[in-house]
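I opened this structure to take notes for the bench. My plan is to go from the core outwards and end with the loops.

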Amino acid sequence: MGTINYQERIPNNVDLGNDRRLQRALEAWQPNYIDWWMEMGPEGFQQDDVYLRTAVSVDRDGWAHFGHVKMPDYRWGIFLTPSDPDRAIHFGDHMGEKAWQKVPGEYRNILRRIIVTQGDTEPASVEQQRLLGQTCPSLYDLRNLFQVNVEEGRHLWAMVYLLHRYFGRDGREEAEALLERRSGDVDSPRILGAFNEPCEHWLSFFCFTTFTDRDGKYQLRALAESGFDPLARTTNFMLTEEAHHMFVGHTGVGRVLKKSAEMMKQGDPRKLGAIPVEMVQKYINLWYSLSLDLFGGEDSSNAATFFGASLKGRDQEGKDGKYDEHTALGQTYDLAVFDKDGNHVIETLPLRRAMNEVLRDAYVEDCEKVIKSWNRILEKAGCDLRVSLPHRRFHRHQGVYSGLYFTPEGEWLRPEQWQARKHTWLPTPEDSAYVKSLMTKAIVAPGQFADWIAPPPRGINGQPIDFDYVDFH
Ligand SMILES: [Fe+2]
Ligand SMILES: [Fe+2]
């Protein structure tokens with residue numbers, strides 16, 4: 001374990017070469033994966049050489065190798081962070097037991113469900129983003145899109161590895177099904193809501209990678225605590241890649257805001273081909289609220305089961321000093337609950353049942369920091385406008401606030417009040433048409449950028465901004 005055989009078709013540090021059964025299973029799955037990638041991956045760029053980072057080692061500075069590759073030739077590998085033979089379970093009912101190296105029989109079904117639900121999001125986002133290359137604002141951004149796409153592909157591999165390695169026949173069937181569902185398909189949609197929403201333009205892409213990939217970060221962090229050691233080690237390594245996805249979103253929206261602020265000094269940003277700050281706010285409201293839904297219900301028996309079973313922890317459950325204790329028994333969480341007339345009461349939940357909300361709290365805090373950094377950009381550019389996160393009750397479709405209406409400040413609304421005002425908070429068809437009207441073609445000359453976005457301060461991996469990030473053939 002720990003060393004990687006580069007000669008193998010599937011680069012890995014899981015000793016695949018000595019596991020014939022698993023090797024055969026993954027080699028049988030691989031052609032279907034490539035078929036899926038060619039059908040649902042980035043459309044129109046499969047023959048081009050893209051300056052991509054490939055994981056070739058899990059070492060601190062060895063896991064990111066850069067070079068031009070055609071995406072279908074990308075070396076999707078299987079990497080787990082190195083194992084700790086002494087690792088013990090550190091939360092839930094199994095606290096103190098040795099971490100599991102095999103699937104515990106009693107949790108087989110729920111564990112498989114957790115892995116499939118995570119795995120399903122990975123190809124879904126590739127599907128959502130498959131046409132974006134055709135309207136990229138620069139080569140730099142095009143390359144970043146493709147980097148995100150190939151890594152989501154690798155994340156699918158990571159989950160499929162667990163299914164094949166630990167779940168036998170039903171694992172194989174689930175691995176096939178991950179290639180069969182399609183984002184937004186009426187008959188066979190992806191499992192979670194936000195992964196069926198269209199991602200029609202680059203502003204949505206940047207908001208998606210800021211907020212939806214950040215949900216991914218928190219789900220992975222919770223799973224990285226798992227008592228099922230292979231899941232913990234797999235998700236831990238996925239987090240190293242996830243950071244770049246959020247960087248793409250965070251800096252992408254930041255560059256859009258910078259450009260808007262600069263244009264506002266010259267006049268109406270709309271007349272100058274930029275995206276007004278108020279319109280960016282609407283997309284923040286949309287993707288943030290869709291992403292909040294991904295955490296699941298505030299009061300959840302599943303969440304209690306996952307935590308109790310030591311399968312899914314809290315954010316940084318094992319970090320020194322973060323939590324006083326790790327069973328979460330005999331503790332509570334207060335939640336504001338509304339009825340359909342707008343009366344609200346505080347409901348006191350057993351802490352285990354509130355674990356989705358606890359994870360959402362960590363996420364909200366992280367998102368607040370992102371918003372602060374965007375506002376610093378606006379301030380620095382001399383713009384008086386600011387962006388903000390809507391309240392977590394706003395525009396929800398899961399949990400106790402779904403079916404109710406709230407302002408972005410969290411104030412309860414009657415349905416007709418919501419109807420009258422929602423277009424001021426969420427993107428309208430006209431907003432979407434305007435954003436799309438700015439993005440009608442790909443900007444592919446090295447160093448050139450679309451009018452609606454500022455260039456980044458620096459290139460990728462020390463390369464200049466006008467580097468040949470994608471070589472067309
Ligand atoms: Fe991912
Ligand atoms: Fe991601």
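**Entry 1: helix 4 and the core**

I started with helix 4, and I found it mostly covered: 20 of its 22 residues are buried. I kept in mind throughout that this is a predicted model.

Next I checked the length of helix 4, residues 202-223. At 1.5 Å a residue, its 22 residues should span 32 Å, and the end C-alpha atoms are 30 Å apart, which agrees. I also looked for a bend. Helix 4 bends by about 35° at Phe208.

Then I turned to the largest nonpolar core, which holds 109 residues. Which of them touch the most other members? I noted Val160, Leu203, Cys207, Val256, Leu257, Val280 and Trp287. Helix 3, residues 139-177, gives the largest share of this core, with 17 residues.

I followed up Leu203. Leaving aside neighbours within four places in sequence, Leu203 is in contact with Val256, Ile275, Val280, Tyr283 and Val435. Val256 and Val280 were also on my list of core residues that touch the most other members.

**Entry 2: the whole chain**

I stepped back to the overall fold. I counted 10 helices and seven strands in the protein. The radius of gyration is 23 Å, close to the 23 Å that the globule rule gives for 473 residues, so the protein is as compact as a globular protein of that length.

I took the extents as well. The C-alpha trace spans about 65 × 60 × 45 Å along its principal axes. Of the 473 residues, 45% count as buried.

How much of the contact set joins residues at least 24 apart? I took the contacts between residues at least 6 apart in sequence, and 69% of them do.

**Entry 3: the three-stranded sheet**

I traced an open sheet of three strands. Its order is 2-1-7, and the pairing is antiparallel. Which strands stand at the edges? They are strand 2 (65-70) and strand 7 (470-471). Each has a single partner strand, so one side of each is left without a neighbour in the sheet.

I then went through the pairings. Strand 1, residues 49-54, pairs with strand 7 over two bridges, in the antiparallel sense. Strand 1 and strand 2 are also antiparallel, and I found six bridges between them.

Val50 was a handy marker here. Its bridge partner in strand 7 is Val470, and in strand 2 it stands opposite Val69.

**Entry 4: the hairpin**

I moved on to strand 3 (residues 332-338) and strand 4 (residues 344-350). They run antiparallel and are joined by seven bridges. I picked out one pair: Thr332 has Pro350 of strand 4 as its bridge partner.

The two strands form a hairpin, with five residues between them. I checked the turn and noted Gly342, which has a positive phi of about 90°.

**Entry 5: positive phi outside glycine**

I searched for residues other than glycine with a positive phi. Gln316 is one of my hits, at about 55°. I placed Gln316 in the loop between helix 7 (301-308) and strand 3. Is Gln316 buried or exposed? It is partly exposed, with 15 other C-beta atoms within 10 Å.

His395 is another hit, with a positive phi near 55°. I located His395 in the loop between helix 8 (355-380) and strand 5 (405-406). His395 counts as buried, with 24 C-beta neighbours inside 10 Å. The cut-off for buried is 20 or more.

**Entry 6: Arg392**

I stayed in the loop between helix 8 and strand 5, where Arg392 is also found. Arg392 has 22 C-beta neighbours inside 10 Å, so it counts as buried.

What does Arg392 touch? Not counting residues up to four places away in sequence, I listed Leu292, Arg360 and Val364.

Last, I took one C-alpha distance. Arg392 and Pro408 are 16 residues apart along the chain, and their C-alpha atoms are separated by 8.2 Å.

Conventions. Residues are numbered from 1 along each chain as its sequence is written. Chains are lettered from A and ligands numbered from 1 in the order in which they are written. This is a predicted model: local features need pLDDT of at least 70, side-chain atom pairs count only at pLDDT 80 or more; totals for chains, interfaces and linings use all residues. Helices (H or I, at least four residues) and strands (E, at least two) are DSSP runs, numbered from the N terminus. The expected span of a helix is 1.5 Å times one less than its number of residues. The bend at a residue is the angle between axes fitted to the seven residues ending there and the seven starting there. A residue is buried if 20 or more other C-beta atoms lie within 10 Å of its own, exposed if 12 or fewer, and partly exposed in between; C-beta atoms are placed from the backbone. A nonpolar core is a set of buried Ala, Val, Leu, Ile, Met, Phe, Trp, Tyr and Cys residues joined through C-beta atoms within 7 Å. Two residues are in contact if their C-beta atoms, placed from the backbone, lie within 7 Å. The radius of gyration is taken over C-alpha atoms; the globule rule is 2.2 Å times the number of residues to the power 0.38. Two strands pair if DSSP finds at least two bridges between them.
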